[in-house]
Amino acid sequence: MSILSKTLRIIHAGALQQVITKCVEHFSSHNVNLTFEATGVGSREGAKRLLSGENYDIIALADQALFAELLVPDLVKSYYIFAADQIVIGYSQLSKGSEEINQENWFETLLDPQVTFARSDHHLDPCGYRTLMVWQLSESFYSRPGLYSKMESACIPYSLYPKSLDLASALVNGKVDYAFLYSSEAEQLGLPYITLPSKVNLSNPAHANFYDQAAVSVESKVPGKNIIIHGKPIEFAIGISKEGQEHELAQSFVELLTGPEGNSILEECGLIPC
């Protein structure tokens, strides 16, 4: 099939950059004259761009809950959950304390005054608010009263990193010793990482009730007002914008991502297909 003079516009979580790039390559092989505009942002920022009137055909987010909160039913009719992930602590061979850090002592390593660590912006990026949830859950899981506040105080200002992909780049470039990322991002970049217990890493639906005790305040769709969101298992989702110009092409792209070819791409990129 050949498409003439059409552009498919995609806005997606920065963490999905490699996934979307590979899907575009596959899709292009069947639509040789189709062009693409793909924009990677923090997922809350992406949803708010649609709310502000920016026009895209497809929106792929790192948190499926954003669709119900911000987009459905006014801007997106329905959405599809397609992948799962977990929060990990990425580092490099040059990171201070990397020879000693493990699943049991990571917070002691990170709270060393000589060590730097960072997270992304929780108002723009799900990885940012999920990191805060991990800290809250860890305070309970490890029986460490005050851990959350200590981590917040010691962390590099989140405003420096709008999305987790920016944070991953900072880690690769040696600007920080440690970064809270998705495991898929660390694997894509070839970074070593510490896997956290499933009770705190937001990966396991069996622990959904435990995750729910974590709560973070983020900016709502009403300027100047915040809402409280609770911890949930990490699920990525994709939807088609009602305002988009290329509904049929968008539907075909979503079918690619959520089908067998897409599942292979997700696995290549370190994600768990749903």
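**Two open sheets in a predicted model**

Four strands come together as an open sheet, lined up in the order E6-E7-E5-E8, and the pairing among them is mixed. At the edges of this sheet sit E6 and strand E8, the latter made of residues 193-195, and each of these pairs on one side only. E8 has strand E5 (residues 87-91) for its neighbour; the two pair in the antiparallel sense, with three bridges between them. One residue pair shows the match: valine 88 has threonine 195, in E8, as its bridge partner. The model described here is a predicted one.

Just before E6 comes a residue worth a stop. Threonine 116 belongs to the loop that links helix H4 (106-110) with strand E6 (117-118). Is threonine 116 buried, exposed or partly exposed? Its relative accessible area is 31%, so threonine 116 is partly exposed. Although threonine 116 and lysine 175 are 59 residues apart along the chain, 8.5 Å separates their C-alpha atoms. Setting aside neighbours within four places in sequence, threonine 116 touches a run of residues from Lys175 through Val176 and Asp177 to Tyr178, and it is in contact with Ile156 as well.

Now for the other sheet. Six strands make up this open sheet, again with mixed pairing, and their order is E2-E1-E3-E11-E4-E12. Its edge strands are E2 (34-41) and E12 (272-273), each pairing on one side only. Inside the sheet, E11 (residues 235-241) has six of its seven residues buried, so this strand is largely enclosed by the rest of the structure. On one side, E11 runs antiparallel to strand E3 (residues 58-61), and four bridges join the two. Here alanine 60 finds its bridge partner in isoleucine 238 of E11. Strand E4 (residues 76-84) is also antiparallel to E11, joined to it by six bridges. In that pairing, tyrosine 79 is matched with glycine 239 of E11. E4 also pairs with E12, once more in the antiparallel sense, over two bridges. Across that pairing, alanine 83 stands opposite proline 273 of E12. As a rule, side chains in a regular strand alternate between the two faces of the sheet.

A helix residue offers a contrast to the loop position. Serine 43 is part of helix H2, which covers residues 43-51. Why does serine 43 count as buried? Its relative accessibility is 0%, and buried means under 20%, so serine 43 qualifies. Apart from neighbours within four places in sequence, its contacts include Ala13, a group made up of Leu61, Ala62, Asp63 and Leu66, and also Leu124, Asp125 and Pro126.

Stepping back to the whole protein chain, there are eleven helices and twelve strands. Along its principal axes, the C-alpha trace spans about 60 × 40 × 35 Å. A compact globule of 274 residues would have a radius of gyration near 19 Å, and the chain's own 19 Å agrees with that. Of the 274 residues, 52% count as buried. Contacts often reach far along the sequence: among those between residues at least 6 apart, 74% join residues at least 24 apart. The chain exposes about 12000 Å², with 49% of it supplied by carbon and sulfur atoms. As for charge, there are 19 positive and 32 negative side chains, and 6 Å lies between the centres of the two sets.

Technical notes: Residues are numbered from 1 along each chain as its sequence is written. This is a predicted model: local features need pLDDT of at least 70, side-chain atom pairs count only at pLDDT 80 or more; totals for chains, interfaces and linings use all residues. Side-chain values use heavy atoms; hydrogens and water are left out. The radius of gyration is taken over C-alpha atoms; the globule rule is 2.2 Å times the number of residues to the power 0.38. Buried means under 20% relative accessible area, exposed over 50%, partly exposed in between (1.4 Å probe, protein chains only). Contact means heavy atoms within 4.5 Å. Accessible areas come from the Shrake-Rupley method with a 1.4 Å probe; for residues, only the protein chains shown count as cover. Lys and Arg count as positive and Asp and Glu as negative; His and the chain ends are not counted. The place of a charge is taken as NZ of Lys, CZ of Arg, CG of Asp or CD of Glu. Two strands pair if DSSP finds at least two bridges between them.
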